[in-house]
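Student: Hi! Could you walk me through this protein before I head back to the bench?

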Amino acid sequence: MKKVDFNQVLNEYNEILPKGVFLTTKSDGEVNTMTMGWGTAGFIWNQNILMAPVRKSRHTHQLIEGSDYFTVSVPLNGQLKKELQFCGTKSGRDYNKIEELDLELGEVEESEVPIIKGNDLHFICKIKYQQDMLKENLDQDILEKNYPDKDMHTFYYGEVVAVYKEE
């Protein structure tokens, strides 16, 4: 793996994100990954930032609350479709997704949270801010369409401390 500049891969990330990427976190020795299909990437507070939305009902929410980092692993070439589908529909409460899917974890020097090997890009993110969504502040159309059960997201803003590209 080699380190690359955030701005060099930003367009590729934004193009692939709606198709699914792996959001991984770790707390108290437990690693969990989930599929993330939307978020934002940009420049806030003079830092490169990825914003990762996680519903409060998700097992990942419980884990990310106990962590200072998350990683985002991105399959640029259509690989790992079955794994993304599984991670987007199965809970880490019920399955050890890493073992079930035989995913290979990779260590990085910046964080204890691993990456999911076999992806093309990996963002290592240090959580700088988090914000729970407030349904009363959300446009009614979005609330009705996307949150019929009022299962709101928490937004995690992570400073991108490193980006790796698998060779």
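Tutor: Happy to; we can go through the annotation, the pocket, the cores and a few single residues. Keep in mind that this is a predicted model.

Student: What does UniProt list for residues 19–164?

Tutor: An unreviewed UniProt entry gives that span as "domain: Flavin reductase like". In the model, residues 19–164 are 18% helix and 47% strand, and the C-alpha atoms at the two ends lie 20 Å apart.

Student: Okay, pockets. What volume does the largest pocket have?

Tutor: About 390 Å³. It is lined by 24 residues, and those closest to its centre are Met34, Thr35, Arg55, Arg58 and Gly88.

Student: And which strands and helices each supply at least two residues of that lining?

Tutor: Two strands and two helices: S3 (30–36) and S5 (47–55), plus H2 (59–64) and H3 (81–89). Strand S3 gives the most, with four residues.

Student: How many nonpolar, polar and charged residues are in the lining?

Tutor: There are seven nonpolar, 12 polar and five charged residues lining the largest pocket.

Student: Arg58 caught my eye. How far apart in space are Asp151 and Arg58?

Tutor: Their C-alpha atoms are 9.6 Å apart, with their positions 93 residues apart in sequence. Asp151 sits in the loop that runs between helix H5 (140–146) and strand S10. Leaving out neighbours within four places in sequence, Asp151 is in contact with Arg55, Lys56, Ser57 and Arg58. Two of those contacts, Arg55 and Arg58, were also on the list of residues closest to the pocket centre.

Student: Switching topic: which residues in the largest nonpolar core touch the most other members?

Tutor: Tyr13, Phe70, Val72, Val74 and Phe123, out of 26 residues in that core. Two or more residues come from each of helix H1 (6–16) and strands S2 (21–27), S3, S5, S6 (69–74), S9 (121–132) and S10 (153–165). H1 has the largest share, five residues.

Student: What is Phe70 in contact with, leaving aside its neighbours within four places in sequence?

Tutor: Quite a list: Leu23, Thr24, Leu50, Ala52, Ile64, Val113, Phe123, Ile124, Cys125, Ile127, Tyr156 and Gly158. There is also another core apart from the largest one, with 10 residues, among them Leu80, Ile98, Leu103 and Ile116.

Student: Let's look at Leu80, then. Is it buried or exposed?

Tutor: Leu80 counts as buried because its relative accessibility is 18%, and the cut-off for buried is under 20%. Leu80 lies in the loop between S6 and H3. Its phi is near 65 degrees, a positive value in a residue other than glycine.

Student: What's notable about a positive phi?

Tutor: Most residues other than glycine have a negative phi. Trp45 is another case, with a positive phi of about 55 degrees although it is not a glycine.

Student: Where does Trp45 lie?

Tutor: In the loop between strand S4 (40–44) and S5. Trp45 counts as partly exposed because its relative accessibility is 48%.

Student: Last one: why does Asn11 count as exposed?

Tutor: Its relative accessibility is 65%, so Asn11 is above the cut-off, which is over 50% for exposed. Asn11 is found in helix H1, the helix that gives five residues to the largest nonpolar core. The C-alpha atoms of Asn11 and Ala41 are 9.6 Å apart, and the two residues are 30 apart along the chain.

Student: Great, thanks!

Conventions:
Residues are numbered from 1 along each chain as its sequence is written. This is a predicted model: local features need pLDDT of at least 70, side-chain atom pairs count only at pLDDT 80 or more; totals for chains, interfaces and linings use all residues. Side-chain values use heavy atoms; hydrogens and water are left out. On a 1 Å grid over the protein atoms alone, a cavity is a set of points where a 1.4 Å probe fits but cannot get out, and a pocket is an open set with protein on both sides within 12 Å along at least five of seven lines; lining residues have an atom within 4 Å of a point. Grid points are joined across faces, edges and corners, and a volume is the space filled by probe spheres set on the points. Ala, Val, Leu, Ile, Met, Phe, Trp, Tyr, Cys and Pro count as nonpolar, Asp, Glu, Lys and Arg as charged, and the others, Gly among them, as polar. UniProt positions are given in the numbering used here, feature names are shortened, and annotations may be inferred rather than shown by experiment. A nonpolar core is a set of buried Ala, Val, Leu, Ile, Met, Phe, Trp, Tyr and Cys residues joined through side-chain atoms within 4.5 Å. Buried means under 20% relative accessible area, exposed over 50%, partly exposed in between (1.4 Å probe, protein chains only). Contact means heavy atoms within 4.5 Å.
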